[in-house]
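Please open the entry in your viewer and keep the selection tool at hand. The stops below are meant to be followed in order.

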Amino acid sequence: MPVESGSSAAARQAKQKRKSHSLSIRRTNSTEQDRSGLQRDMLEGQDSKLPLSLRSNLLDLFSQIEREFENLYIENLELRREIETLNDRLAAEGQTFEGADLAKGALKTKASHSTSQLSQKLKTTYKASTSKIVSSFKATTSRAVCQLVREYVGHRDGIWDLSVTRTQPVVLGTASADHTAMLWSIETGKCLLKYTGHQGSVNSIKFHPTEQMALTASGDQTAHIWRYMVQLPTPQPVADISQQTPCEDDVDFSDKDEADGEVEGPNDCPSVRVATTTLRSHQGVVIAADWLVGGKQVVTASWDRAANLYDVETSELVHSLTGHDQELTHCCTHPTQRLVVTSSRDTTFRLWDFRDPSIHSVNVFQGHTDTVTSAVFTVGDNVVSGSDDRTVKVWDLKNMRSPIATIRTDSAVNRISVSVNQKIIALPHDNRQVRLFDMSGVRLARLPRSNRQGHRRMVCCSAWCEDNTSCNLFTCGFDRQAIGWNINIPALLQEK
């Protein structure tokens with residue numbers, strides 16, 4: 001009968017003790033004394049070059065981590081029960097709302113208040129947390145409906161910006177990193193015209209308020225003004241790309257990005273190669289440009305930390321707006337007044353007032369903690385700013401010390417837009433999502449995104465077009481496509 005050698009017996013004993021160690025990581029009801037004894041046994045049987053005291057300290061630390069996770073798990077269960085209790089109390093009073101994640105500290109405070117106070121505080125605080133510990137619960141029957149109507153495909157690189165003309169014919173314009181800008185038929189998705197005058201990435205596109213002229217900003221350190229003439233094709237029946245989908249029922253079936261391939265550009269699309277006016281004076285990338293009210297002046301924003309105001313007819317530099325500490329990221333003009341807002345990587349945005357020709361005042365807004373990616377005007381006296389700090393803030397021009405509403409999200413926010421009629425804010429995100437909020441910060445919807453529809457890369461920009469019946473919201477991203485959506489927000493949701 002064979003006899004087991006001493007080395008084989010020791011190896012078997014060490015293997016058994018390592019197995020007992022792996023099992024001990026799971027949660028048991030053993031006492032701390034049993035654990036420490038088990039740890040000593042493991043230390044004696046394991047072959048390691050670490051000193052025994054150091055190994056013992058490591059095991060103690062792992063035990064503490066395990067206890068912390070256990071405490072978090074227990075707190076999570078208690079938090080779920082508290083939310084169910086609070087929701088039942090609200091339902092009993094006939095008040096329901098669309099929930100989201102709640103912080104435990106806020107729940108403890110709400111427990112001592114009346115049901116009406118609970119309802120109001122929950123509505124204003126549930127948006128503040130991005131924790132995914134607690135699953136959301138639905139409580140509204142009137143749902144926002146979002147339908148993907150059409151995709152605009154033809155660029156060979158990501159699309160930074162898009163805009164819709166303010167005059168007839170109404171067309172969609174896109175600005176791309178492939179050095180071109182394109183005009184599209186909204187109804188058919190066909191490319192109507194391509195502008196190829198820039199030598200660098202085209203970073204923004206805006207249309208003249210009354211004439212068929214476009215303003216584009218580029219990485220070639222210039223801004224171009226160019227005229228266009230397009231003829232709209234005969235509208236085709238809208239393809240049923242997607243069924244009408246409740247905006248909150250989207251499921252991200254796959255995080256796997258589809259193969260890009262090489263997108264074939266429109267071969268029969270006419271081109272414009274020469275600008276009517278070229279604006280030169282920046283020493284860095286021109287990241288954005290916009291028309292002032294009336295269309296006689298334009299403003300440009302650059303990575304050289306300055307914004308420039310130009311006269312369109314003479315191409316002369318009227319003012320150089322300096323003061324930002326880092327590169328500018330965006331600029332926007334007021335639709336009815338001579339006001340300009342510039343955004344920057346220095347975490348601020350600035351309001352420039354040109355209403356009085358003799359006084360050019362400036363106000364600095366300091367509400368963000370990271371790059372301000374965009375700030376836009378509404379029709380009234382509000383400015384809405386978005387940032388890489390994952391927040392969007394609504395400001396009152398008459399009281400600029402603090403925002404009147406703050407929207408907290410789970411991803412960096414890019415170039416936002418606000419609808420004129422309904423005052424709905426469209427938030428394009430780095431995580432490929434697009435969310436809709438009202439001006440008070442209440443979330444209304446999220447556009448569907450799955451492996452069958454929606455953006456497959458970062459969403460860079462959004463733009464509203466409320467004069468069009470088929471598509472009233474457009475988005476673009478680094479998946480080389482723009483998308484036209486039909487958004488139907490019930491009045492009940494907007495009044496919440």
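Is Phe-365 buried or exposed? Select this residue in what is a predicted model: Phe-365 counts as buried, because its relative accessibility is 2%.

Before going further, colour the chain by pLDDT, whose mean is 80, with 72% of the residues reaching 70 or more. Over residues 121–142 the pLDDT is below 50, and this stretch has 49 contacts in the model beyond near neighbours in sequence. Select residues 249–263 as well, where pLDDT again stays under 50 and the model has 33 contacts beyond four places in sequence.

Next, select residues 52–92, which form helix α3; its 41 residues should span 60 Å at 1.5 Å a residue, and the end C-alpha atoms, 61 Å apart, agree with that. Among the buried residues of α3 are Arg-55, Ser-63 and Asn-76, together with Leu-59 and Ile-83.

Now turn to the aromatic rings, for which a search of the whole structure finds 9 pairs. Show Tyr-195 and Trp-226, whose ring centres are 4.5 Å apart with the planes at 0°, so that the pair is stacked. Because Tyr-195 lies in strand β5 and Trp-226 in strand β8, the pair ties together parts that are 31 residues apart in sequence. Both Tyr-195 and Trp-226 are buried. Add Phe-207 and Tyr-228 to the selection, and you have a cluster linked by ring pairs.

Finally, return to Phe-365 and add Trp-395: this aromatic pair is edge-to-face, at 5.3 Å centre to centre and 80° between the planes. Phe-365 belongs to strand β19 and Trp-395 to strand β22, 30 residues apart, so to select both strands take residues 359–365 and 391–396. Trp-395 is buried, with a relative accessible area of 2%.

Technical notes:
Residues numbered from 1 in each chain as written. Predicted model: local features only at pLDDT ≥ 70, side-chain atom pairs only at ≥ 80, totals over all residues. Heavy atoms only, no water. pLDDT = per-residue confidence, 0-100. Contact = heavy atoms within 4.5 Å. Helix = DSSP H or I, 4+ residues; strand = E, 2+ residues; numbered from the N terminus. Expected span 1.5 Å × (residues − 1). Buried < 20%, exposed > 50% of the residue type's maximum accessible area, 1.4 Å probe, protein only. Phe/Tyr/Trp six-rings, centres within 6.5 Å; stacked < 30°, edge-to-face > 60°.
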